[in-house]
Every structure is written in C-alpha cells, then in structure tokens.
Amino acid sequence: MLRAERGISRRELADALGIHYQTVGYLERGEFRPSLHLALRIAQYFEVPVEVVFSLEPFPRLGSGSASGSAAASGSAATSGSAATSGSAA
C-alpha cells in the first residue's frame, strides 16, 4: 500500500485530500470507487500516474507473483502490488 509504505496515516492523507479519513479505508479495501476528480487528486498527491494507483485489473498481492482480488480491482486507491503501492501507489 503506497500510503503505508510512505509512512502516511489515513488521517494525513484524508486531510491532504479534503476527505474523511474513513473514506481512505473504504478506498483501500475496495468498498468505495472514487470520482475521477478524487482519483486524479490521489495520484497527484503521490506524484504518480493515476494508472499506478488505480486499475481495472487486480494488482498482485505484495510478496506474491499472482494477481488476486485486491481492492485495486474494484478501483480502490493505493492498494498492494502495483509500482505505486510497492514504492509508489491507496
């Protein structure tokens, strides 16, 4: 998860984006799909392309080579497995 790997709390990210901190958790778990505007703001915050944070295809879980049903598959932010999450993107 990009947020955690960069040592950023949910509250810090939420404050920077102007959203509720619980929304960050919903995004990370794939329980909420952000608007395009919010998705672009998240990518801008982490200074990565939006495709690094969000994907239509699941990102592989950290520590495994397989693509499993991560939150990214449902459009969530800063989830595990992508270049962004493992040193870039939840």
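This is a short tour of a predicted model, stop by stop, with something to select at each one.

**Stop 1: the whole chain**

Start with a cartoon view of everything. How many helices and strands does the protein chain have? The secondary structure comes to 5 helices and 0 strands. Follow the chain from the N terminus and the elements run α-α-α-α-α. Now switch on the surface. The protein chain exposes about 4800 Å², and carbon and sulfur atoms supply 53% of that. As for what is hidden, buried residues make up 43% of the 90 residues.

**Stop 2: the core**

Next, select Leu-13, Leu-17, Ile-19, Leu-38, Ile-42, Phe-46 and Val-53, and show their side chains. These residues have the most contacts inside the largest nonpolar core, which has 17 residues. Which helices supply at least two residues each? They are α2 (10–17), α3 (21–28), α4 (36–46) and α5 (50–53). The largest share, 5 residues, comes from α4. Here is some background: in soluble globular proteins, nonpolar side chains tend to be buried together.

**Stop 3: helix α2**

Keep Leu-13 selected and look around it. Leaving aside residues up to four places away in sequence, Leu-13 touches Arg-3, Ile-8, Val-24, Tyr-45 and Phe-46.

Now add the rest of the buried set in this helix: α2 buries Leu-13, Ala-14 and Leu-17. Turn the view until you look down the axis of α2. The buried residues fall within an arc of 100°, so they line one face of the helix. What do they pack against? Their partners are α1 (2–5), α3 and α4.

Step just past the end of α2 and click on Gly-18, which takes a positive phi of about 75°.

**Stop 4: helix α3**

Select Thr-23, Val-24, Gly-25, Leu-27 and Glu-28, which are buried in α3. The cover over the buried residues of α3 includes α1, α2 and α4.

Then pick Gln-22, also found in helix α3. Is Gln-22 buried or partly exposed? With a relative accessible area of 40%, Gln-22 is partly exposed. Try a distance label here: the C-alpha atoms of Gln-22 and Arg-10 are separated by 7.6 Å, and the two residues are 12 apart along the chain.

While you're around here, show Arg-11 and Tyr-21 together. The charged end of Arg-11 sits over the ring of Tyr-21, 4.2 Å from the ring's centre. Just after α3, click on Gly-30 to find another residue with a positive phi, about 75°.

**Stop 5: helix α4**

Move on to Leu-38, Ala-39, Ile-42, Ala-43 and Phe-46, the buried residues of α4. Look down the axis of α4 and you'll find them within an arc of 140°, so they line one face of the helix. Now spin to the other side of α4, where Leu-36, His-37 and Gln-44 are exposed. Which elements cover the buried residues of α4? The cover includes α1, α2, α3 and α5.

**Stop 6: a pair of rings**

Stay in place and show Tyr-45 and Phe-46 as sticks. The structure holds 1 aromatic pair. The ring centres of Tyr-45 and Phe-46 are 5.0 Å apart and the planes meet at 90°, so the pair is edge-to-face. Check how much of each partner is covered, too. Phe-46 counts as buried because its relative accessibility is 1%, whereas Tyr-45, at 32%, counts as partly exposed.

**Stop 7: the loop and α5**

Click on Glu-47, found in the loop between α4 and α5. What is special about its phi? Phi of Glu-47 is near 55°, a positive value in a residue other than glycine. Most residues other than glycine have a negative phi. Glu-47 is also exposed, with a relative accessible area of 74%.

Last, select Glu-51 in helix α5. Is Glu-51 buried or exposed? Its relative accessibility is 56%, and because over 50% counts as exposed, Glu-51 is exposed. Finish with one more distance label: the C-alpha atoms of Glu-51 and Ala-39, 12 residues apart along the chain, are separated by 9.7 Å.

Methods:
Residues are numbered from 1 along each chain as its sequence is written. This is a predicted model: local features need pLDDT of at least 70, side-chain atom pairs count only at pLDDT 80 or more; totals for chains, interfaces and linings use all residues. Side-chain values use heavy atoms; hydrogens and water are left out. A nonpolar core is a set of buried Ala, Val, Leu, Ile, Met, Phe, Trp, Tyr and Cys residues joined through side-chain atoms within 4.5 Å. Buried means under 20% relative accessible area, exposed over 50%, partly exposed in between (1.4 Å probe, protein chains only). Helices (H or I, at least four residues) and strands (E, at least two) are DSSP runs, numbered from the N terminus. Contact means heavy atoms within 4.5 Å. Accessible areas come from the Shrake-Rupley method with a 1.4 Å probe; for residues, only the protein chains shown count as cover. Rings of Phe, Tyr and Trp (its six-membered ring) pair if their centres lie within 6.5 Å; planes under 30 degrees apart count as stacked, over 60 as edge-to-face and the rest as tilted. A charge sits over a ring if NZ of Lys or CZ of Arg is within 6 Å of the ring centre and within 35 degrees of the ring normal. The arc is that of the directions from the helix axis to the C-beta atoms.
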